[in-house]
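Visitor: I'd like a walk through this one, ligands and odd backbone spots included. Could you put it up on the screen?

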Amino acid sequence: MACNEIWAVARIRDGQITGAGLQLIEAARELAREKGLDARAVLLGCDRATADELAGVVNGVLWLNDERLNEYDAAVHAGALFGLMEARGKPVAIFAGTNDTDSEVVPRLAAMCGAAFASSCVKIRWEGDDLAIRRPVFGGKVYEELALLSRPAMVTVRPGAFDGAQKLAAPGSVEEISVEIPASSGVTVVERASSAQGGQDLSDARRVVAGGRGVSGESYQKVEALADALDGSIAASRALVDAGERPHEQQVGKSGKTISPDLYIACGISGAIHHVLGMNTSKVVVAVNSDPDAPIFAAADLGMVGDVMEILPALAEALRARK
Amino acid sequence: MSLKIAVLIKQVPDHEAIVQIGADGTLDIEDRYVCSFFDEIAIEAALDIRKAHADAEILALSVGGKRSVESLRRAMAMGLDQVEQLGDDSMDGADGLGVASLIAARLKTFNPDLVLAGKQAGDDDMGAVGPMVSGLMGIPLVNAATAIDVDADGGKVRMTHSMNGETWTVESGFPVVVTAQKGLAEPHVPVVMRVMKAMRAKIINTSTEDLGVSAADSTGRLKRLGYYSPPTRPQVQMVGDVNELVAVLAQRGVI
Ligand SMILES: Cc1cc2nc3c(=O)[nH]c(=O)nc-3n(C[C@H](O)[C@H](O)[C@H](O)COP(=O)(O)OP(=O)(O)OC[C@H]3O[C@@H](n4cnc5c(N)ncnc54)[C@H](O)[C@@H]3O)c2cc1C
Ligand SMILES: Nc1ncnc2c1ncn2[C@@H]1O[C@H](COP(=O)(O)O)[C@@H](O)[C@H]1O
């Protein structure tokens with residue numbers, strides 16, 4: 001059984017659709033439109049208000065309204081999506097985010113139904129009747145393009161690959177669907193600690209100020225002050241994480257997070273490829289470094305040569321003055 | 001009860017190796033291959049667990065041709081004694097599900113309590129095989145763990161991983177698939193003696209036929225259309241003072 005839909009798995013944070021979630025919905029809308037398919041948001045658990053909010057940006061919401069889905073469990077969420085496929089038919093594609101939860105759920109689901117899976121996609125297009133995706137490989141040294149030949153095609157999409165979906169003129173419908181929910185896989189959460197970021201996920205931040213070895217020790221406060229002036233989040237290079245100065249959740253790069261904020265300010269970061277990979281899809285990149293030959297300038301739109309100790313406070317001041 | 005651990009490893013180009021698109025559109029990869037970054041972390045994590053559980057049985061598995069054998073020799077040099085190559089070079093073009101199917105078939109008879117894999121392989125960066133093995137075997141999954149504590153007698157494992165901005169401590173019974181994030185363990189450089197010994201070791205191979213999986217089923221879901229250079233940014237614009245910077249940022253609409 002099949003249905004002519006593309007599903008976007010919409011993740012919710014504090015009752016709100018995330019920026020990345022809006023981008024997924026836009027991806028589903030754009031690709032569905034081209035082939036006369038229907039874009040649908042899939043909502044796992046949650047409440048009526050959230051379902052209605054989603055309906056504001058997509059023509060149809062498939063709402064798995066079951067409280068057993070409110071708490072995250074990889075096996076339960078994968079199983080529920082599998083159940084939805086059984087109930088409704090296999091969609092043409094399922095789009096999800098590159099966040100920590102969907103990075104567990106989607107490949108697990110792909111294995112359950114023998115589907116093609118590709119992660120971290122930065123572009124999606126139609127190649128005939130198949131979806132073709134582009135993604136970084138070998139740590140970003142090159143990109144590959146793959147056609148996904150199964151139905152459904154399962155894809156996790158990097159933030160920043162699409163614009164966020166705009167509100168519809170008239171809200172779409174919310175369809176409550178009950179599916180079989182599998183028992184918990186037996187992974188229980190013992191403790192949830194919010195990170196130093198105050199529980200905010202760096203992956204979803206619009207403005208990020210990142211510090212490297214050039215701002216180690218007390219100088220990192222200058223990074224925090226600048227982030228504050230920007231209403232942004234803080235991040236770090238591996239050098240500071242390895243030194244135990246910053247938590248791993250704040251590391252950007254190959255062995256840390258991949259982020260695509262509107263603005264990324266790299267302070268005292270040399271610009272090693274492993275770092276650049278985690279931020280090179282940001283919209284505007286600013287580099288501040290005392291070494292005019294630092295490789296980070298090749299990965300930046302705007303650069304300033306000088307001492308972070310002087311530039312960061314001055315920049316924070318100039319931004320405050322503007323407000 | 002003696003603990004059984006399976007470690008999944010893959011040989012990939014060194015992160016410093018040059019990878020370029022050749023004139024014919026295929027990749028030119030510099031011939032410097034190593035055991036994948038996160039897989040060495042998984043190997044070390046298994047060794048750490050064995051320190052507390054001396055009778056733990058650890059089996060390292062690698063799917064593919066002669067490069068797989070190289071990664072298994074590395075695992076031996078690091079201290080594992082039970083290693084096995086699954087399939088042959090006909091599996092080198094397999095997708096994640098093809099690799100996971102072969103591994104899941106082998107694990108049916110090994111019956112592990114714990115399966116350790118890397119968070120993502122250093123070549124395809126897919127992050128597929130660990131979660132897929134969990135899906136095929138229908139067992140729990142904990143991705144990108146930064147800490148692990150095994151209680152063999154209590155039959156449970158406690159792990160820490162980062163979940164969308166929070167740090168979660170989770171507990172699971174056996175068996176469970178855990179993928180390694182940086183921080184889970186610190187891989188050591190093996191001593192020369194062990195490296196030499198591993199070079200001479202005979203590596204066991206189990207064929208796809210023995211495992212009842214056809215190599216042909218491992219392809220056909222994904223078709224590579226081509227390779228592209230990474231997107232580049234236009235030439236950087238250097239600015240002299242912060243007011244100029246603020247003006248440009250405002251003009252670009254990011255503040
Ligand atoms: C497999 C692998 C994975 C990796 N993953 C990551 C990753 O995820 N993330 C990551 O970041 N790295 C990663 N790395 C490490 C990476 O290669 C670099 O070593 C690291 O990014 C360097 O950090 P840094 O730029 O802060 O430090 P450095 O390279 O030491 O650079 C410090 C910079 O600060 C500048 N500076 C110093 N003082 C000042 C000052 N007062 N004012 C202005 N500028 C100043 C210097 O000119 C220099 O450019 C990885 C490496 C490997 C091998
Ligand atoms: N051919 C393989 N043989 C054994 N394990 C593998 C193989 N490919 C991938 N893996 C394991 O799965 C992890 C994730 O790989 P990938 O899904 O390719 O990113 C790796 O870090 C390994 O632990």
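Visitor: Let's start with the largest cavity: which helix gives the largest share of its lining?

Guide: Keep in mind that this is a predicted model. Among the residues lining the largest cavity are A:Ala20, A:Gln23 and A:Leu24. The largest share of that lining is three residues, and the element supplying them is helix 1 (residues 19-35) of chain A.

Visitor: What volume does the largest cavity have?

Guide: Rolling a probe the size of a water molecule over the atoms shows where empty space is left. Done here, the count comes to two cavities of 30 Å³ or more. The largest cavity holds about 40 Å³.

Visitor: How does the lining of the largest cavity divide into nonpolar, polar and charged residues?

Guide: Besides the residues from helix 1, the lining includes A:Gly97, A:Val157, A:Arg158, A:Pro159 and A:Phe162. Glycine is put in the polar class here. The split is five nonpolar, two polar and one charged.

Visitor: On to ligand 1. Between which chains does ligand 1 lie?

Guide: Its shell has 26 residues, and the closest are A:Arg213, A:Ser237, A:Gln251, A:Ser270 and A:Asn289. In chain A, helix 6 (238-242) and helix 7 (273-276) each supply at least two residues of that shell. As for where ligand 1 sits, the answer is between chains A and B.

Visitor: What is the distance from an oxygen atom of ligand 1 to an N or O atom in the side chain of A:Gln251?

Guide: The cut-off for a polar contact is 3.5 Å between N or O atoms. A:Lys254 offers a polar backbone atom 3.1 Å from an oxygen atom of ligand 1, and the side chain of A:Ser255 has an N or O atom 2.8 Å from a nitrogen atom of ligand 1. For the side chain of A:Gln251 and a ligand 1 oxygen, the distance is 2.7 Å.

Visitor: How much of the accessible area of ligand 1 does the protein cover?

Guide: The shell around ligand 1 has six nonpolar, 15 polar and five charged residues. On its own, ligand 1 has 980 Å² of accessible area, and the share covered by the protein is 79%.

Visitor: And ligand 2: which strand gives the most to its shell?

Guide: There are 18 residues around ligand 2, with B:Leu8, B:Asp39, B:Asp124, B:Gly127 and B:Ala128 coming nearest. Strand 6 (57-63), helix 3 (96-110) and strand 8 (114-118) of chain B each put in at least two residues. The top contributor, with three residues, is strand 6 of chain B.

Visitor: How much of the accessible area of ligand 2 does the protein cover?

Guide: By class, the shell around ligand 2 has 11 nonpolar, four polar and three charged residues. Backbone N or O atoms lie 2.8 Å from a ligand 2 oxygen at B:Gly118, 3.1 Å at B:Met126 and 2.9 Å at B:Val129. Of the 480 Å² that ligand 2 has on its own, the protein covers 98%.

Visitor: Salt bridges next. How far apart in sequence are the parts tied together by A:Arg48 and A:Glu176?

Guide: The count over all chains is 29 salt bridges. In the one between A:Arg48 and A:Glu176, the closest N and O atoms are 2.9 Å apart. A:Arg48 is in helix 2 (residues 48-55) of chain A and A:Glu176 in strand 12 (residues 173-176) of chain A, so the parts they tie together are separated in sequence by 128 residues.

Visitor: Any backbone oddities? Which residue does a cis peptide bond join to B:Phe174?

Guide: Most residues other than glycine have a negative phi, and most peptide bonds are trans. In chain A, a cis bond joins A:Arg151 and A:Pro152, with omega about -5°, and A:Pro152 sits in the loop between strand 10 (142-148) and strand 11 (153-157). In chain B, the loop between strand 11 (166-173) and strand 12 (176-180) holds the proline in question. With omega about -10°, the partner of B:Phe174 is B:Pro175.

Visitor: Last one: what is the phi of A:Phe138?

Guide: A:Phe138 is in the loop between strand 9 (130-137) and strand 10 of chain A. Its phi is positive although the residue is not glycine, with a value near 50°.

Methods: Residues are numbered from 1 along each chain as its sequence is written. Chains are lettered from A and ligands numbered from 1 in the order in which they are written. This is a predicted model: local features need pLDDT of at least 70, side-chain atom pairs count only at pLDDT 80 or more; totals for chains, interfaces and linings use all residues. Side-chain values use heavy atoms; hydrogens and water are left out. A residue is near a molecule or strand if one of its heavy atoms lies within 4 Å of it. A polar contact is a pair of N or O atoms within 3.5 Å; within protein, one must be able to donate a hydrogen and the other to accept it, and residues adjacent in sequence count only if both atoms are side-chain atoms. Accessible areas come from the Shrake-Rupley method with a 1.4 Å probe; for residues, only the protein chains shown count as cover. Helices (H or I, at least four residues) and strands (E, at least two) are DSSP runs, numbered from the N terminus. On a 1 Å grid over the protein atoms alone, a cavity is a set of points where a 1.4 Å probe fits but cannot get out, and a pocket is an open set with protein on both sides within 12 Å along at least five of seven lines; lining residues have an atom within 4 Å of a point. Grid points are joined across faces, edges and corners, and a volume is the space filled by probe spheres set on the points. A salt bridge is a side-chain nitrogen of Lys or Arg within 4 Å of a carboxyl oxygen of Asp or Glu.
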